[in-house]
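User: Please go through the charged pairs and the nonpolar packing of this structure with me, one question at a time.

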Amino acid sequence: MVKRIISIPLIMLGLLLSVAALGLTAYNLWDNHRAGIEAEAVLDAITQHREKVENTESAAAPTPELPPDLNSGSENNPVKELPVVEIGGNRYIGTISVPVIGLELPVLEDWSLALLKIAPCRYMGSPYRGDLIICAHNYASHFGHLKNLEPGDEVVFTDVEGNAFHYTVAELDTLAGTAVEEMESGEWDMTLFTCTLGGETRVTVRCDLLESSEE
């Protein structure tokens, strides 16, 4: 009789834990779905903005060519400011595309825990300086599949005006969540990173610039 009385609370605890686990799984699936839908809406808005920029530039009169050291088309020119567009109250710098895993997402100008729930964020740097670092949650619709990339895979960053920077994956690494200096160091043209499922380490993808096609 005593054993039966003791077992009832244990059974109830097990049921509660199971329900909590199911609830957490359901929330994660919903959050991933929400993030994917929001990203699609922003991608459409960025595409429309690029079309407006293209039409405006086509209609504008030609401008004199700048000296080489001031040419805004130079991919590593510090004078070139990374263009930004505001959509839904948030500021975006462009899109990141990884064809091999079918990924295309908008990229926010700055990062915070709240912004990471919306889209990948610029952690630091610029493609025009050759030191861009982008971070994102490990949602399946965000950077959850970075771990599947291999050296040689293509990655493309395109700013909001349509200037495209083509990269190739150089190497993958796993860094501790506290390894800030290691994340920011190195001569990599672009770095992508996301946390692993446990949150203690970061999947890190280092990329080399292949070419840029700037308008």
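The questions below concern a predicted model, beginning with salt bridges and then turning to nonpolar cores.

User: How many salt bridges does a search of the whole structure find?

Analyst: One pair joins Glu 109 to Arg 91, and another joins Asp 131 to Arg 129, with the closest N and O atoms 3.5 Å apart. For the whole structure, the number found by the search is two.

User: Is Glu 109, which forms a salt bridge with Arg 91, buried or exposed?

Analyst: Glu 109 lies in the loop between strand 3 (103-108) and helix 2 (113-116), while its partner Arg 91 belongs to strand 2, 18 residues apart, and the closest N and O atoms of the pair are 2.6 Å apart. Arg 91, at 42% relative accessibility, counts as partly exposed. Because the cut-off for burial is under 20% and Glu 109 has 14% relative accessibility, Glu 109 counts as buried.

User: How does Asp 131 count, at 26% relative accessibility?

Analyst: Its salt-bridge partner is Arg 129, which at 47% relative accessibility counts as partly exposed. Partly exposed covers the range between 20% and 50%, so Asp 131, at 26%, counts as partly exposed.

User: How many residues are in the largest nonpolar core?

Analyst: Strand 2, strand 3 and strand 5 (132-135) are among the elements that give two or more residues to this core. Ile 96 is one of the members that touch the most others, and its contacts include Ile 134, Phe 143, Val 155 and Met 190. Another core, of 17 residues, including Ile 87 and Leu 175, lies apart from it, whereas the number of residues in the largest nonpolar core is 25.

Definitions and conventions. Residues are numbered from 1 along each chain as its sequence is written. This is a predicted model: local features need pLDDT of at least 70, side-chain atom pairs count only at pLDDT 80 or more; totals for chains, interfaces and linings use all residues. Side-chain values use heavy atoms; hydrogens and water are left out. A salt bridge is a side-chain nitrogen of Lys or Arg within 4 Å of a carboxyl oxygen of Asp or Glu. Helices (H or I, at least four residues) and strands (E, at least two) are DSSP runs, numbered from the N terminus. Buried means under 20% relative accessible area, exposed over 50%, partly exposed in between (1.4 Å probe, protein chains only). A nonpolar core is a set of buried Ala, Val, Leu, Ile, Met, Phe, Trp, Tyr and Cys residues joined through side-chain atoms within 4.5 Å. Contact means heavy atoms within 4.5 Å. Lists of a residue's contacts leave out its neighbours within four places in sequence.
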